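User: I am new to this structure and would like to understand the surroundings of its ligand. Please explain the reasoning behind each term as we proceed.

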Amino acid sequence: MTDGDVIRLVDLATQSQGIKEDVLAAISDVIDSAGFILGKEVGLFEEEFAAYCRTRFGVGLASGTEALHLALRALDIGPGDEVITAGNSFAATALAIRYAGATPVFVDVDPEDFNIDVGLIEEAITPRTRAILPVHLYGQTARMDAISDIAARHQLRIIEDAAQAHGAEFSGRRAGSFGDAGCFSFYPGKNLGAFGDGGAVVTNDEAVRERLILLRNYGQRVKNEHTLLGFNCRLDTLQAAVLLIKLRYLEEWTEQRRTIARWYGESLRDAELILPAERADARHVYHLFVVRHPERDRLAGHLRNRGIHCGVHYPHPLSHAVPFRNVRTVPEGLPVCTQLASEIVSLPMYPELSRSQVERVADAVRSFDTVGVPS
Ligand SMILES: Cc1ncc(COP(=O)(O)O)c(C=O)c1O
């Protein structure tokens, strides 16, 4: 098999080639302006990205992890406070809660959409709970109506982890626009990815924006006047310049992801696996296309032998990671997260994937149905 026959989980090179000339010109402008830190492209991108999310403000930050960390600090959440989140995210979600000095509490998830089970959230609330931090996993929003109701009833803040959900919608509203802060990652493989690390918080709350602007820049508004414990967490001007170009294509790329998901749905309709469920109230942006199969590891091996690369997002519930071993889980042991972790597999998904590549993946999956499961 030649390298050209391999279907990768994500292919960043093809997309980058298509915009390379525009990006080089934008980088050249930044070099000429020498505005490498908080240059004009950062402000422009913040405005355009906030508008895209249908929020009032955007603040560019160094990564998605720092977006979560600084959003928590901007809302004054820290030591002694508990933050309720899903038990099946990327570790950064829970690490950020720890960086802020707060304690995560992991709640089990809905097996249909992989997102926090809103029926369990109230069980997790204690007098120390300050916030709910839903993760819009794989590109589909959590049930934000129920989460907003619970937060209002218990006077809790909402911080959305929208790192995988640029442009996702719930009841026509965009991910990131429901809570006190919506946190995004621009890690290269994300639906909107920089050419390096990057992140942002979007918010409708001017006070949150003001705090974030201080927090990302050593706590100073005026040089050498530090009014709080700040960090060095700014979005690079060069990355903002890249993101401004890519943002123009985001809707087109998102629609392409949705088309590919439909192709997979058609081609795998009769295959022996569980396809992702797109809720009627949601616009899923398919950051990942995650299916379930009881023989996940053997299926992934079968596909790899046929040149098809898959991923597992994520192989363990968060409570298995060393920094979170003592974290409270609701219910104890996260049974759904635990079962999903052994069954999920992410099939190749990126906007440039062709119909014939999708057919090749589907054929390979179907050939496992006939040869794969031991008697
Ligand atoms: C759900 C989720 N949260 C947070 C992050 C952290 O983002 P970053 O890698 O930009 O720090 C990621 C991605 O890496 C993610 O997928």
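Analyst: In this predicted model, α3 gives the most to the shell around the ligand, namely three residues. The elements that give two or more residues to that shell are α3 (64-74) and α4 (91-99).

User: What makes a residue, such as G64, count among those that surround the ligand?

Analyst: A residue counts if one of its heavy atoms lies within 4 Å of the ligand. In this model 16 residues surround the ligand, and G64, T65, D161, S185 and K190 are the closest.

User: Why is the pair formed by S185 and the ligand called a polar contact?

Analyst: A polar side-chain atom of S185 lies 2.6 Å from an oxygen atom of the ligand. The cut-off for a pair of N or O atoms is 3.5 Å, and the pair with S185 is therefore a polar contact. By the same cut-off, a polar side-chain atom of Q164 qualifies at 2.9 Å from a ligand oxygen, and a polar backbone atom of G64 qualifies at 2.8 Å.

User: How do you know that the ligand is buried by the protein?

Analyst: Taken alone, the ligand exposes 390 Å², and the protein buries 93% of that area.

User: What makes up the shell around the ligand, by residue class?

Analyst: The shell holds six nonpolar, eight polar and two charged residues. Glycine is counted as polar.

User: Which pocket does the ligand take up?

Analyst: The ligand takes the space of the largest pocket, whose volume is about 540 Å³. This pocket is lined by 26 residues, and α3 gives the most to that lining, with three residues.

How values were computed:
Residues numbered from 1 in each chain as written. Predicted model: local features only at pLDDT ≥ 70, side-chain atom pairs only at ≥ 80, totals over all residues. Heavy atoms only, no water. Polar contact = N/O pair within 3.5 Å; in protein donor to acceptor, adjacent residues only side chain to side chain. Areas by Shrake-Rupley, 256 points an atom, 1.4 Å probe, with all protein chains shown as cover. 1 Å grid on protein atoms, 1.4 Å probe; cavity = no way out; pocket = protein on both sides within 12 Å on 5 of 7 lines; lining within 4 Å. Sits in = over half its atoms within 2 Å of the grid points. Helix = DSSP H or I, 4+ residues; strand = E, 2+ residues; numbered from the N terminus. Points joined across faces, edges and corners; volume = space filled by probe spheres on them.
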